[in-house]
Amino acid sequence: SIPILSFFPNIIVGLTSGHILIWNMPVSFYWTHMETTESKSLAYVFHAFNRPYLFAPSLLSIRNQIMARQNRPVFLILDGPRSDDDALKIKSNELIFNSFLSGHPNKFIIKNDTNMGAEQMFLSTFIRMFDEHNVDAFGLFEDDLYYEHCYLTNVEKLLNLTWDDPDIVSV
């Protein structure tokens, strides 16, 4: 029996390369077998493309929660441009990320040279986080969502409660 955690009833669940995959669109958490979030590496990953007018308020809504977790790495993954206008908007997202999380010691930006599209970005992120950056778990955040002031605290509590319980299918 595989422990599975979902935050919404409409999820896609899979098992890939020994990793449990939960994709619930809009916010997803992926993990390997862990005891608690305190003992393993948990990263936060933002996807962004050409919508800085949505990314700025989204990141602002969760900024304080991320800044309070300076031991957790935070990644911004930028899809590559399809046009010169996209290139300017992507650069704006990079500036927003660096400005809003100024002082966070574990922030990283990954830029794609070419436009991958949503599906390839998702698959690429999965490989990058687990295989290249060796995190045990990561939350994937889209650029157009807004988060409550206690969102990450509540998610981490849920994750700690459900990592090893094979009877948990949905929370």
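The following conversation goes through strand β5 and several salt bridges in a predicted model.

Visitor: What makes strand β5 count as mostly covered?

Guide: Strand β5 spans residues 74–78, and 5 of its 5 residues are buried. The covering applies to both faces, since V74, L76 and L78 are buried on one side and F75 and I77 on the other. In a regular strand the side chains alternate between the two faces of the sheet.

Visitor: Which strands pair with β5, and how do you know that they do?

Guide: Two strands pair if at least two bridges are found between them. Strand β4 (residues 42–48) is joined to β5 by 5 bridges, the two running parallel, and 5 bridges likewise join β5 to strand β6 (residues 107–111), again in parallel; both pairs therefore meet the requirement of at least two. Within these pairings, F75 stands opposite V45 and also opposite F108 in β6. The chain passes from β5 through helix α2 (residues 84–100) to β6 in a right-handed β-α-β crossover, while β4, helix α1 (residues 52–67) and β5 make a right-handed β-α-β unit too.

Visitor: Why is the contact between R72 and E156 called a salt bridge?

Guide: The closest N and O atoms of R72 and E156 are 3.3 Å apart, and the cut-off for a salt bridge is 4 Å between a side-chain nitrogen of Lys or Arg and a carboxyl oxygen of Asp or Glu, so the pair qualifies. Because R72 lies in the loop between α1 and β5 and E156 in helix α4 (residues 151–162), the pair ties together parts that are 84 residues apart in sequence.

Visitor: How do you know whether R72 and E156 are buried or exposed?

Guide: Buried means under 20% relative accessible area. R72 has 8% relative accessibility and therefore counts as buried, and E156, at 11%, counts as buried as well.

Visitor: What makes R82 exposed, and how does its salt-bridge partner D86 count?

Guide: The closest N and O atoms of D86 and R82 are 3.5 Å apart in their salt bridge. R82 has 59% relative accessibility, which is over the 50% needed for exposed, whereas D86, at 5%, falls under 20% and so counts as buried.

Visitor: Why is K91 called partly exposed?

Guide: K91 has a relative accessible area of 41%, which lies between the 20% and 50% limits, so partly exposed is the term that applies. The side chain of K91 meets that of E94 in a salt bridge of 3.7 Å, N to O, and both residues lie in helix α2, 3 residues apart, about one turn of the helix. E94, at 12% relative accessibility, counts as buried.

Technical notes: Residues are numbered from 1 along each chain as its sequence is written. This is a predicted model: local features need pLDDT of at least 70, side-chain atom pairs count only at pLDDT 80 or more; totals for chains, interfaces and linings use all residues. Side-chain values use heavy atoms; hydrogens and water are left out. Buried means under 20% relative accessible area, exposed over 50%, partly exposed in between (1.4 Å probe, protein chains only). Helices (H or I, at least four residues) and strands (E, at least two) are DSSP runs, numbered from the N terminus. A crossover is right-handed if, with the strands pointing away from the viewer, the path from the first strand over the helix to the second runs clockwise.
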